[in-house]
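I am opening my notebook on a structure that is new to me. My plan is to look up the aromatic rings, then the nonpolar core, and then two single residues.

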Amino acid sequence: MAGPGTTFRRLGALSGAGALALASYGAHGARFPDAYGKELFDKANKHHFLHSLALLGVPHCRKPLWAGLLLASGTTLFCTSFYYQALSGDPSVQTLAPVGGSLLLLGWLALAF
């Protein structure tokens, strides 16, 4: 039976595939409300890729469940809020980004300890 580390490794791989699909969409199909939207989308995509890679390392840490949950939920909140704002121009969900960023920071710390 697969442990939580393996589950998060698989999630990291799927997240990386999603980041690649979104990068392609952002480069070839998306219509951004302004130049800032494109910049924000690219920033979200960079973080999406980076934290997908971090999830691949979760099976090798001492607390894989904690690290995986923190990284996965942080990536979801942080990147989704930026993707949404970039595509819609609506900043109403940008309050989720600091929460997601804090979870990402805690996830990296969980990887370290």
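Which residues form one aromatic cluster? I looked this up in what is a predicted model, and found that the cluster is made up of F32, F41 and Y83.

**Entry: aromatic pairs**

I noted that a pair of aromatic rings is described by the distance of the centres and the angle of the planes. The count of aromatic pairs comes to three. For F32 and F41, I read a distance of 5.3 Å between the ring centres and an angle of 65° between the planes, and because planes over 60 degrees apart count as edge-to-face, this pair is edge-to-face. I also checked how far F41 is covered, and with a relative accessible area of 1% it is buried.

I then turned to F78 and F82, whose ring centres lie 4.8 Å apart with their planes at 75°, so I entered this pair, too, as edge-to-face. F78 and F82 both belong to helix α3, which covers residues 64-88, and they sit four residues apart there, about one turn of the helix. I found both F78 and F82 to be buried.

**Entry: the largest nonpolar core**

Which members of the largest nonpolar core touch the most other members? I wrote down L55, V58, L71, F78 and F82, out of 21 residues in this core. Helices α2 (35-56), α3 and α4 (96-112) each supply at least two of the core's residues, and the largest share, nine residues, comes from α3.

I followed V58 further and, leaving aside its neighbours within four places in sequence, listed its contacts as G5, F8, P64, A67, G68, L71 and L111. Of these, L71 had already appeared in my list of core residues that touch the most other members.

**Entry: two residues of α2**

Is S52 buried or exposed? S52, which lies in helix α2, has a relative accessibility of 3%, and since buried means under 20%, S52 counts as buried. Not counting residues up to four places away in sequence, S52 touches G12, S15 and G16. For G16 I noted in addition that its backbone nitrogen lies 3.3 Å from a polar atom of the S52 side chain.

My last look went to K43, which also lies in helix α2 and is partly exposed, with a relative accessible area of 38%. Although K43 and C79 are 36 residues apart along the chain, I found their C-alpha atoms separated by 8.5 Å.

How values were computed: Residues numbered from 1 in each chain as written. Predicted model: local features only at pLDDT ≥ 70, side-chain atom pairs only at ≥ 80, totals over all residues. Heavy atoms only, no water. Phe/Tyr/Trp six-rings, centres within 6.5 Å; stacked < 30°, edge-to-face > 60°. Buried < 20%, exposed > 50% of the residue type's maximum accessible area, 1.4 Å probe, protein only. Core = buried A, V, L, I, M, F, W, Y, C linked by side-chain atoms within 4.5 Å. Contact = heavy atoms within 4.5 Å. Polar contact = N/O pair within 3.5 Å; in protein donor to acceptor, adjacent residues only side chain to side chain.
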